[in-house]
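Please open the model in your viewer with side chains shown as sticks, and keep the sequence panel at hand so that each selection can be followed along the chain.

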Amino acid sequence: MDPLVRPCQAGAVSEPGGTETSATLRRIERAAGSLATASVARMDESLLWFRELPADQRSWVMLVAQAGVRSLVQWLRQGGGATDRTQEVSDEVFAAAPVALARSISLQQTVALIKVTIEVVEEQVSDLAVPGEEQSLREAVLRFSREIAFAAARVYARAAETRGSWDARLQALLVDALLRGDSPDVLASRAAALGWSDAPPVAVAVGRSPGGEVAAVLHTVYRQARRIGVEVIGGVHGDRLVIVLGGAADPLAATGKLRTAFGDGPVVVGPAVPSLDEATESARAALAGFRAAPAWPTAPCPVAAAELLPERALAGDAEARRRLRHDVYAALARAGGGELLETLDAFFAAGGTLESAARSLFVHPNTVRYRLKRIAEVTGFSPLAPRDAFALQVALTVGRLDPVVPAVTPVPNQTASPAGRKATQSGDDRHRSL
């Protein structure tokens with residue numbers, strides 16, 4: 001006779017599709033509480049991290065353990081995996097605990113809890129099974145533990161999908177707030193919800209999105225960011241992929257390692273700032289640079305937004321015009337009293353020839369050479385480099401179109417004494433008479 005098919009005995013009714021009798025199942029049901037208690041006690045002894053859990057989370061684990069024993073009985077009654085409701089029964093184990101438990105305990109830790117519980121049940125098989133059913137019950141417990149492991153994986157997968165969808169929406173809102181220039185409080189609250197550590201420096205990179213599902217695009221970004229050890233928040237806005245980088249000592253180099261996450265076209269990196277609160281400045285510069293980047297077809301990729309100042313100014317970026325006017329044109333005016341500006345004009349008019357510029361200025365070529373070197377020191381742009389020369393020419397144009405507002409002439413003191421006002425008036429009269 002097949003050992004898995006036994007005749008019914010008095011007081012022991014064979015369950016369809018299984019070998020455990022009603023007597024064994026009743027014993028397991030009666031022992032559910034003690035099994036759960038023994039399992040939690042074993043967890044407390046063998047798992048250090050479990051001892052550090054708050055009381056409420058430990059009570060949730062107790063509920064899950066008790067539900068697991070009850071589900072084992074139900075699973076055995078239904079044939080030990082022979083029915084279509086096997087997955088439903090195993091999933092009910094984790095329905096006893098709040099969804100928050102999946103956020104508090106990792107999947108690896110959950111597997112450790114299941115392992116401890118199964119070990120405790122296996123140790124008590126001889127007390128739970130009626131004589132002759134010990135081996136059958138032990139095998140059934142092992143099969144059920146596999147179902148529970150699959151159920152745990154499903155629970156964590158669903159939690160990850162939900163959390164991923166929520167995180168993607170929250171990240172999109174954060175990136176949108178950066179682009180709009182929302183208040184630091186809004187940025188801080190949304191970043192905190194995402195677990196952003198705000199590791200300095202912070203910079204924003206903008207490029208073309210590769211297309212496809214947003215979740216897939218961002219997944220590629222996160223995977224590559226983990227490889228290079230930087231913190232990122234990403235969002236797809238229209239056809240643009242916007243990435244906020246944190247903790248990268250060199251944001252431009254870090255963006256270069258993330259280049260394959262972007263689509264074709266330029267990738268522009270804004271200036272590094274100390275924290276996310278100030279990242280709006282970096283985002284504005286990166287966006288302005290991205291709009292102006294087509295004007296420099298041979299630009300490196302990625303390229304810093306500061307390298308695109310002339311293109312940004314021509315495209316109407318007010319910040320780029322201000323920087324060229326203040327940091328280049330006005331700086332030259334202050335440093336040379338007009339001499340450096342005059343030399344720069346002559347050098348450009350001579351087509352970049354030192355001797356011709358020197359003749360037009362009636363100075364020695366070495367003087368022109370010295371002044372050009374001085375211009376490079378003051379502005380950071382060398383007139384001898386074609387790219388820098390272009391930036392200087394745009395700066396000269398912007399500086400003359402948008403002159404620096406002169407200082408306001410002090411208004412005469414209207415509260416002066418009558419004698420003082422009379423003296424001033426008589427002085428003006430003498431000036432007019434002359």
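**A walk along charged pairs**

Begin by selecting Asp345, which counts as partly exposed because its relative accessibility is 30%. The model in front of you is predicted, and the side chain of Asp345 in it meets that of Arg400 in a salt bridge, with 2.5 Å from N to O. Asp345 belongs to helix H16 and Arg400 to helix H19 (residues 386–401), so that by following the pair you pass between distant parts of the chain, 55 residues apart. Add Arg400 to the selection and colour it by accessibility: with a relative accessible area of 42%, Arg400 is partly exposed.

Stay on helix H16, which spans residues 339–349, and move to Glu339. Which residue forms a salt bridge with Glu339? The partner is Arg371, and the closest N and O atoms of this pair are 3.2 Å apart. Arg371 sits in helix H18 (residues 365–379) while Glu339 sits in helix H16, so the pair ties together parts of the chain that are 32 residues apart in sequence. Is Arg371 buried or exposed? Arg371 counts as buried, at 10% relative accessibility, and the cut-off for that class is under 20%. Glu339, in turn, is partly exposed, with a relative accessible area of 37%.

Now turn to the strands and select Arg208 together with Asp239, whose side chains meet in a salt bridge of 2.5 Å, N to O. Arg208 is found in strand E1 (residues 202–208), whereas Asp239 is in the loop between strand E2 (231–237) and strand E3 (240–246), and the two residues, 31 apart, link distant parts of the chain. Arg208 counts as partly exposed at 31% relative accessibility, and Asp239 likewise counts as partly exposed, at 43%. The pairs visited up to this point belong to a structure that holds 12 salt bridges.

For a last stop, select Arg27 in helix H1 (residues 22–30), a residue that counts as partly exposed at 30% relative accessibility. Leaving aside residues up to four places away in sequence, Arg27 touches Asp127, Leu128, Ala129 and Val130. Where does the side chain of Arg27 reach a backbone oxygen? Draw a distance to Ala129, whose backbone oxygen is reached by the Arg27 side chain at 3.0 Å. Then compare sequence with space for Arg27 and Val130, which are 103 residues apart in sequence and 8.5 Å apart in space, C-alpha to C-alpha.

Technical notes. Residues numbered from 1 in each chain as written. Predicted model: local features only at pLDDT ≥ 70, side-chain atom pairs only at ≥ 80, totals over all residues. Heavy atoms only, no water. Salt bridge = Lys/Arg side-chain N within 4 Å of Asp/Glu carboxyl O. Helix = DSSP H or I, 4+ residues; strand = E, 2+ residues; numbered from the N terminus. Buried < 20%, exposed > 50% of the residue type's maximum accessible area, 1.4 Å probe, protein only. Contact = heavy atoms within 4.5 Å. Polar contact = N/O pair within 3.5 Å; in protein donor to acceptor, adjacent residues only side chain to side chain.
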